[in-house]
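Please read the following account alongside the sequence and the coordinates. It proceeds from the cysteines to the cores, and then to the sheets.

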Amino acid sequence: MGNRGMEDLIPLVNRMQDAFSAIGQNANLDLPQIAVVGGQSAGKSSVLENFVGKDFLPRGSGIVTRRPLVLQLMTSPTEYAEFLHCKGKKFIDFDEVRQEIEAETDRITGANKGISSVPINLRVYSPHVLNLTLVDLPGMTKVPVGDQPADIEAQIREMLMQFVTKDNCLMLAVSPANSDLANSDALKIAKEVDPQGMRTIGVITKLDLMDEGTDAKDILENKLLPLRRGYIGVVNRSQKDIDGKKDINAAMAAERKFFLSHPSYRHLADRMGTPYLQKILNQQLTNHIRDTLPGLRAKLQSQLLSIEKEVEEYKNFRPDDPSRKTKALLQMVQQFSVDFEKCIEGSGDQIDTAELSGGAKINRIFHERFPFELVKMEFDEKELRKEISYAIKNIHGIRTGLFTPDMAFETIVKRQIGKIKEPCTKCVDMVISELVSTVRQCTKKLAQYPQLREEMERIVTQHIRDRESRTKGQVLLLIDIELSYMNTNHEDFIGFANAQQRISQMNKKKAAGNQDEIMVIRKGWLTINNIGIMKGGAKEYWFVLTAESLSWYKDDEEKEKKYMLQVDNLRLRDVEKGFMSSKHIFALFNTEQRNVYKDYRQLELACENQEDVDAWKASFLRAGVYPERVTSDGSDENGSDNLMHSMDPQLERQVETIRNLVDSYMAIVNKTVRDLMPKTIMHLMINNTKEFINADLLAQLYSCGDQNTLMEESQEQAQHRDEMLRMYHALREALSIIGDISTTTVTTSMPPPVDDSWLQVQRGSSGGRSPATSPTPNRRAPPGPPGRPVSRGPPPGPPPAGGPPVPSRPGASPDPYSGPPPSVPSRPNRAPPSVPR
């Protein structure tokens, strides 16, 4: 064959195929092989049986091949078969091979026509075969049978595509001669995945079953629907021959006789038949392996490099080595400590770009959620004035007071400071929740040691819970310190004199419209959610919030302003998400029961997530827009109104004075609490937890129980380590196999291009075409009508260069047919050739 130096190529690739199949990685590697594709009952299995010379494949009607069969043919003095899933067992009787294939197929797919993409690996040793690797794939079908799913056609197609789309896979496209070649399932697949015809070898079966007076000579001469690698015709045994147990050797002799005696194929007899097909496949697969070796070597090397670092840790692994367990424990604790530190401090190589985590979430709790909770606890204006009024009256008692009593101020301030305890403890709870979540996130890397992970989470979480009471006690102590003494000499406190003048100053300030305060607080996209469908539905706008107004624009260029809303008398309220909505919604409404926007009583604004809602709420607080305060009893409010209307001017002035004093002092307290709370939590909770992990965690782990139990590997980790080691050794073996191959041998070049325009044209083309480009096969006309010039003239010679290359034989002359394929005369328009005239 001219390739003697490369005869071992196919067995070497088979070794690689077995190595990767054994570790379940065969599908991930693009090893050179030949996939046999074709329609159901096209004769694929018969072609393979002819190669082996034995009956060994399942037979029957409908879909018989239901799993890919990787068939490795190996030249050997003795004849036997082996399955990869039955290592060490040799099958001498090929009927047992068939039974094993059927049993292994049913084991995965069930007994009633189901399919699976898990391959069966069969190796056949025989003196009658050439080295060859083929994959027998299920035939393409249209109609489900038995308990097959309704999408059986799509499933089979998807399975075929897993094999034939790989660049290293040659396709043996099997088509029966007694049906239109243009409707061939095999050629349809070839047209999709190999439009240049570089990987497709055509096989025409059932030539002996064609209607009398018709032939497939134009196809076999590669004139009709030409392929670059050409077509080879074979004659398989009929169903009658199979049922009668006709010997395959006798069938091969009958095939040879058929080609020699048939007038249309006599001149092609040397290039037809199963032996020639086997020889050509051996030659082309060998050449294909040689051509693809460099790319395969590069791919194997890149895969080896990608796992080498991980495998280095596993090479000297001994499960029961105590020093390994001690070292692993130290490394895990150190790694956990570093990861926790990075999560809290915000540094690290693995930065989450999808959501906030760790320290960023705690920062948001400190500076957005906690201030918002403080403001939510703020006093209701009417309720506060009512309390101040009652306090003043109760302090004066039976007398009418001439001066504003400072006891009323102190009483009201203490009540307001006491309300701060709840948001402070809630802030501690939120930080604890985030710390526990961070601990769980950092222990994910310990999944290979489930006992260690569980124990480490328990110890650190327990420490955090232990610090909870200490931290909350300290936070409440801060509030008690504030309650213990009212520092009315504070530099930021306005004092009694200034409190009385504050109202007139505020009014003047409003009238002047001080521009210094007009600063942009926040910008961003929000969706106006409550616009009806008739008016355009929910739309997204670019919102700009300042200290005085809320404006929205068409886009972030801020050129086309849609509306501007003054923030005076606005309040915030939460709105429940709709059933079909994924957005988080809050609303703005007017405290004076006026429409906020056009004819809407409230403006519903939607964000993509709760974090954006919280951020916008915190920004609205800075603009003076506070959350809604729900009153539990409407009668109190009415009573308050009546009280306010019935106050005398002197009492009203006293209430307003204390109101301003309380406002000033509470601003000081809130500022102090907002400053001290993060510091207290950081010192007592977060920094203390970091110190505990660095200093005490390891000692706690040692004291909690048996180290061997603690460092037991998970089953998944042990399995992963074994898989990685097997993969590593398989890659090393494959690279050493490739390294032993000498590619400096004689090879047959790829056949020259043919007119493959039929591969690109659509089936719906019409009009008269020459046979070389016609998508419809021309096999139904008699062999010698008067108007057929192709069959007249000099005696027919060898096929043009578009056919398969002829291997070197002793005494053979050089191939004179290396030029382009001969042009075929056009025929006049007539009835379609598939209908006899």
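A search of the whole structure, which is a predicted model, finds zero disulfides. A disulfide is a covalent bond between the sulfur atoms of two cysteines. Cys424 illustrates the point: the nearest cysteine sulfur belongs to Cys427 and is 7.3 Å away, whereas a disulfide would require the two sulfur atoms to be within 2.5 Å. Cys424 is nevertheless buried, with a relative accessible area of 1%. Cys607 is buried as well, at 4%.

The overall composition may be set out briefly. The protein contains 22 helices and 16 strands. It has 837 residues, of which 47% count as buried. Its accessible surface comes to about 42,300 Å², and carbon and sulfur atoms account for 49% of that area. Of the contacts between residues at least 6 apart in sequence, 76% join residues at least 24 apart.

In soluble globular proteins, nonpolar side chains tend to be buried together. Here the largest nonpolar core has 63 residues, and those with the most contacts inside it are Ile417, Leu435, Met677, Ile681, Ile686 and Leu697. Several helices each supply at least two residues of this core, among them H10 (322–345), H14 (421–442), H15 (450–484) and H20 (697–703). Helix H19 gives the most, with 16 residues. Ile681 offers a detailed view of the packing: leaving aside its neighbours within four places in sequence, Ile681 is in contact with Phe366, Cys427, Val428, Val431, Thr471 and Ile686. A second, separate core comprises 58 residues, including Ala81, Phe91, Val203 and Met727.

The strands may be taken next. One open sheet consists of eight strands in the order S3-S4-S2-S5-S1-S6-S7-S8, with mixed pairing. Its edge strands are S3 (80–83) and S8 (231–233), each of which pairs on one side only. Neighbouring strands of this sheet are turned by 25° against each other on average, direction ignored. Within the sheet, S2 (residues 69–75) and S4 (residues 120–126) run parallel and are joined by seven bridges. In this pairing, Leu71 stands opposite Leu122 in S4.

Strand S5 (132–136) of the same sheet leads into the loop that holds Gly139, which ends at helix H4 (152–164). Is Gly139 buried or exposed? Gly139 counts as buried because its relative accessibility is 6%, and the cut-off for burial is under 20%. Which residues does Gly139 touch, beyond those up to four places away in sequence? They are Gly38, Gly39, Gln40, Lys44 and Ile156. The C-alpha atoms of Gly139 and Gln40 are separated by 4.1 Å, although the two residues lie 99 apart along the chain.

Another open sheet of eight strands has the order S12-S11-S10-S9-S15-S14-S13-S16, again with mixed pairing. Strands S12 (561–566) and S16 (626–627) stand at the edges; each has a single partner strand, so one side of each is left without a neighbour in the sheet. S16 pairs with S13 (residues 570–575) in the parallel sense over two bridges. The bridge partner of Leu572 in S16 is Pro627.

Strand S15 deserves closer inspection. Six of the six residues of S15 (residues 602–607) are buried, so the strand is largely enclosed by the rest of the structure. Both faces are covered: Gln602, Glu604 and Ala606 are buried on one side, and Leu603, Leu605 and Cys607 are buried on the other. S15 also has partners within the sheet. Six bridges join it to S14 (residues 584–590), and these two strands run antiparallel. Across that pairing, Phe589 stands opposite Gln602. S9 (residues 520–528) and S15 likewise pair in the antiparallel sense, over two bridges, with Ile528 opposite Leu605.

A helix completes the description of this region. Helix H17 (residues 610–622) lies across S9, S10 (539–546), S11 (549–553), S13, S14, S15 and S16. Relative to S9, H17 runs at about 135°.

Technical notes: Residues numbered from 1 in each chain as written. Predicted model: local features only at pLDDT ≥ 70, side-chain atom pairs only at ≥ 80, totals over all residues. Heavy atoms only, no water. Helix = DSSP H or I, 4+ residues; strand = E, 2+ residues; numbered from the N terminus. Buried < 20%, exposed > 50% of the residue type's maximum accessible area, 1.4 Å probe, protein only. Contact = heavy atoms within 4.5 Å. Areas by Shrake-Rupley, 256 points an atom, 1.4 Å probe, with all protein chains shown as cover. Core = buried A, V, L, I, M, F, W, Y, C linked by side-chain atoms within 4.5 Å. Pairing = 2+ DSSP bridges. Axes fitted to C-alpha atoms, helices over the stretch in contact; angles between N-to-C directions.
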